[in-house]
Amino acid sequence: MTRNFLAGFAYLLLAPVIGALLAGVDRRITARMQGRRGPPILQPVYDLLKLMHKESIGARRTGHFFVLGHLVFMMAAGFEFFFGGDLLIVIFAFALSSIFLVLGAYAAHSPFSHIGAERELLQMMAAEPILLLTAMGFYIANGSFRVEEISASPVPALLWLPGIFAALAFILTIKLRKSPFDLATSHHAHQEIVKGLTTEFSGLSLAIIEVTHWYETIMLLGIFYLFLAPYPAAAVLLVAVVYLLEILLDNTSARMKWQWAMKSSWTTASLLGAINLIVVYYWLGVQP
Amino acid sequence: MSFLKRSPWIVHYDGASCNGCDIEVLACLTPRYDVERFGVVNTGNPKHADILLITGYINEQSQPVVKAIYEQMPEPRVVVAVGICATSGGIFRECYNTKGGVDSTIPVDVYVPGCAARPESIIDGVVKAIAVLEEKHLAMKKARAAS
């Protein structure tokens, strides 16, 4: 139990640090792919500290409150995950966290912010089925929703759930806000809707959104780690490969329309995810 | 220690001109000049920006837009007028629709001459703007401490 709490608190403390470094490496690799030198690895930290010194302007104070909810529920979701708790609670808290950001974007009377919020809702609709299928897959393969028990299983979940793994990798692009699914907002300045979701946030609020995104990234990569949990070294390698592929995809693809995002992710969910789930269900003969 | 100088985010706007300086601003982001090395990001959103780069002169139609962008930027903020049109109206100075340079509408902190301004001089202007940004940040801090 003490170990669980330690892991949970380690996440709360270390996830922003590792997330920031990962974002820095991401920007450097992106720059190298484009034939540029790129910013220093610590650039995301500099950005964050600068944002904290800037004036925070918002049309309404409720926006700041919602951003705080976004952070708190993301931290709760990640804590529950690294604590070894219930995967379903992790996914629901995670969804709630995203909803808070959407509410924050709706709180301002800005058309750009509203379009961003609507697109974020669509992206959540696209991603959520696969997240739920992942939890179900882990349950069927291991007989438990608890992360603790899933990671203690001697057989890697990847063996049973290759389809679900691929489907989850597909929606990771949505959650990391990378092309071709950077519809709601993007790290790059090529938005036709200004900055979409984050248009109306500045200063400290924007800094909090950034930190939340780092928490989010680390937790999502944690789920990928879970697929190969019995072999830690291989699992870390797997996570690194998945993230590198995301960066490559980000740099080689254009943004798609939301219709395409919905269609492609639901097709992936039903083809790779659901079929994988059905096959494993009958193979293992698990009774619900 | 201020981190403003390590991460100046830019929003750029073309008032009205031949677009030459505008293209040179974007050239700064390309592999040859790569201003992201210094943490410069082209945001496209005034609410995220620290530095406003304006190219071109100001006319009746662009005046309210420039004002709106400037007013939406959070403090501390700096304005850089890029190119001769933005500094004084340039070749369009005598035109019937010209209001003048950027300083006819909003306070300008750094002037970058040139027609079109070279990427090197634009980067130089941004570096000078960062120094002004630091000054403004310190002034802000002092004002806050006093009140």
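Strand β1 of chain B, residues 9-14, pairs with strand β3(B) in the parallel sense. Five bridges hold this pairing. One place to look is Ile10(B), whose bridge partner in β3(B) is Ile51(B). Keep in mind that this is a predicted model.

Now move to β3(B) itself. Strand β3 covers residues 51-55 of chain B. It is mostly covered, with five of its five residues buried. Look along both faces of β3(B). Ile51(B), Leu53(B) and Thr55(B) lie on one side. Leu52(B) and Ile54(B) lie on the other. All of these residues are buried, and both faces of the strand are covered.

From β3(B), the path leads on to β5(B). Five bridges join the two strands, which run parallel. Thr55(B), already met on one side of β3(B), stands opposite Val82(B) in β5(B).

How many residues of strand β5(B) are buried? Five of the five are. The strand spans residues 78-82, and because those residues are buried, it is largely enclosed by the rest of the structure. Its side chains point two ways. Val78(B), Val80(B) and Val82(B) go one way. Val79(B) and Ala81(B) go the other way. Residues pointing in either direction are buried.

One further step reaches β7(B). This strand takes in residues 110-112 of chain B. Three bridges join β5(B) to β7(B), and the two run parallel. Val82(B) is again a useful marker: its bridge partner in β7(B) is Val112(B). Val82(B) thus has Thr55(B) opposite in β3(B) and Val112(B) as its partner in β7(B).

Turn next to chain A. It has eleven helices and zero strands. Read from the N terminus on, its elements run α-α-α-α-α-α-α-α-α-α-α. Chain A has 288 residues, for which a compact globule would have a radius of gyration near 19 Å. The chain has 19 Å, so the value agrees with that expectation. Along the principal axes, its C-alpha atoms fill a box of roughly 55 × 45 × 40 Å.

What share of the residues in chain A is buried? Buried residues make up 49% of the 288. The contacts within chain A also reach along the sequence. Among those with a separation of 6 or more, 77% come from residues 24 or more positions apart.

Finally, look at where the two chains meet. The contact takes 20 residues from chain B and 26 residues from chain A. On the side of chain B that touches chain A, five residues are nonpolar, nine are polar and six are charged.

Terms used:
Residues are numbered from 1 along each chain as its sequence is written. Chains are lettered from A and ligands numbered from 1 in the order in which they are written. This is a predicted model: local features need pLDDT of at least 70, side-chain atom pairs count only at pLDDT 80 or more; totals for chains, interfaces and linings use all residues. Two residues are in contact if their C-beta atoms, placed from the backbone, lie within 7 Å. Ala, Val, Leu, Ile, Met, Phe, Trp, Tyr, Cys and Pro count as nonpolar, Asp, Glu, Lys and Arg as charged, and the others, Gly among them, as polar. A residue is buried if 20 or more other C-beta atoms lie within 10 Å of its own, exposed if 12 or fewer, and partly exposed in between; C-beta atoms are placed from the backbone. Helices (H or I, at least four residues) and strands (E, at least two) are DSSP runs, numbered from the N terminus. Two strands pair if DSSP finds at least two bridges between them. The radius of gyration is taken over C-alpha atoms; the globule rule is 2.2 Å times the number of residues to the power 0.38.
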